[in-house]
Every structure is written in structure tokens, then in C-alpha cells.
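Work through the following exercises with the sequence and the structure side by side. Each task is followed by a solution that goes step by step.

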Amino acid sequence: MFSKEESKRIRQEFWISFGKSFPRKWILYNTGVKELSFKFDFTNKYAQVSINLEQTDVEKRANLYTKLVALKGNLTTLIPAIIYEQHTILPNGKEISTIYVRLEDVCIHNKNTWQETMYFLKENMSNLEEFWVDYEDYIKS
């Protein structure tokens with residue numbers, strides 16, 4: 001078990017190492033669509049790359065999600081294991097829509113899983129960004 005300070009240090013070490021291993025500017029929040037973002041996540045149980053729709057206007061979020069569902073075949077060509085969830089409740093109680101791919105049985109506190117996780121995060125975020133570039137105009141319309 002790690003103290004909060006040690007856990008924070010390990011997390012920072014991972015993300016600094018990831019940034020040095022793959023030095024590039026990721027799209028993340030720079031989508032040009034309010035409350036649509038790309039996200040990296042690495043916990044004690046899994047690593048995940050996602051497109052999050054955090055639009056508070058339910059109708060706007062549903063519209064964006066419908067467009068992404070219409071492109072599901074195109075995205076699954078790049079990431080076969082992609083998962084679509086229209087209604088996800090975050091720990092803070094906020095509802096979002098999310099599209100993600102997850103790598104199970106890895107742990108940010110276990111450095112032996114870091115290399116596999118870094119490759120997973122890089123490959124899948126690169127694929128999400130490729131998808132975004134190809135279909136950005138349609139999604140934004």
C-alpha cells in the first residue's frame with residue numbers, strides 16, 4: 001500500500017516518462033467542440049483511452065453521440081475493442097457519454113506494467129486522433 005504522497009509521485013513519474021517516450025502534442029481538449037475531449041486514464045486496475053462527451057445539454061450530447069455511433073464501423077476498423085456507453089455516471093454524479101478502449105490487469109503502481117501500458121495508450125490515442133481528423137467536420141456539423 002502506498003501513501004497518498006507516494007502514489008502521487010509514482011503517477012507523476014509515469015506521466016513524465018510517458019511524455020518523454022512519446023513527445024508529441026495530443027489533441028485531448030483541443031477538439032474545437034465544447035465539452036468533447038480525448039482522455040488518457042491509468043489506475044490501479046486498468047488503462048483507458050476515451051472520447052468523453054461531457055455536454056450538460058442532454059440534447060446536444062445525444063446529437064454528438066448519435067454522430068459517433070453512425071461512425072462506429074469506421075472507428076472499430078481502427079480500434080476493434082472500442083466500447084460505446086451513452087449513459088455513464090462519474091464518481092461525482094455527473095452523467096456523460098463515453099467511447100473507450102480499456103486494457104485490464106495493469107496497475108500504475110506496478111512499473112512492470114508501464115511499458116505495455118504506454119504502448120497501449122500511445123497506439124489507441126493515435127488511432128482516436130486519426131479517426132477525429134478524418135471525421136471532425138461531420139462530427140462538428
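**Exercise 1.** How many positive and how many negative side chains does the protein have, and how far apart do the centres of the two sets lie?

*Solution.* This is a predicted model, in which local features need pLDDT of at least 70 and side-chain atom pairs count only at pLDDT 80 or more, whereas totals for chains, interfaces and linings use all residues. Residues are numbered from 1 along each chain as its sequence is written, and side-chain values use heavy atoms, with hydrogens and water left out. For the charges, Lys and Arg count as positive and Asp and Glu as negative, while His and the chain ends are not counted; the place of a charge is NZ of Lys, CZ of Arg, CG of Asp or CD of Glu. On this basis there are 19 positive and 19 negative side chains, and the centres of the two sets are 5 Å apart.

**Exercise 2.** Describe the overall fold and its dimensions.

*Solution.* Begin with the secondary structure, where helices (H or I, at least four residues) and strands (E, at least two) are DSSP runs numbered from the N terminus. The protein has four helices and four strands, and these follow one another along the sequence as α-β-β-α-α-β-β-α. The radius of gyration is 16 Å, close to the 14 Å that the globule rule gives for 141 residues, so the protein is as compact as a globular protein of that length; the radius is taken over C-alpha atoms, and the rule is 2.2 Å times the number of residues to the power 0.38. Along the principal axes, the C-alpha trace spans about 45 × 30 × 25 Å.

Next, consider burial and contacts. Of the 141 residues, 43% count as buried, a term that means under 20% relative accessible area, with exposed meaning over 50% and partly exposed in between (1.4 Å probe, protein chains only). Contact means heavy atoms within 4.5 Å, and among contacts between residues at least 6 apart in sequence, 62% join residues at least 24 apart.

**Exercise 3.** Which residues form the aromatic cluster, and how are two of the aromatic pairs arranged?

*Solution.* Rings of Phe, Tyr and Trp (its six-membered ring) pair if their centres lie within 6.5 Å; planes under 30 degrees apart count as stacked, over 60 as edge-to-face and the rest as tilted. By this rule there are 13 aromatic pairs. One of them, Trp15 with Phe40, is tilted, at 6.0 Å centre to centre and 50° between the planes. Trp15 lies in helix 1 (residues 4-21) and Phe40 in strand 1 (residues 36-42), so this pair ties together parts that are 25 residues apart in sequence. Trp15 is partly exposed at 30% relative accessibility, whereas Phe40 is buried at 14%.

The pair of Phe18 and Trp26 is stacked, with 6.3 Å between centres and 15° between planes; Phe18 is buried at 3%, and Trp26 is buried at 10%. One aromatic cluster is formed by Phe14, Trp15, Phe18, Phe22, Trp26, Phe40, Phe42 and Trp114.

**Exercise 4.** Is Ile82 buried or exposed, and which residues does Ile82 touch?

*Solution.* First locate Ile82, which sits in the loop between helix 3 (72-78) and strand 3 (83-89). Ile82 is buried, with a relative accessible area of 8%. Not counting residues up to four places away in sequence, Ile82 touches Leu75, Thr76, Ile99, Tyr100, Val101 and Leu128.
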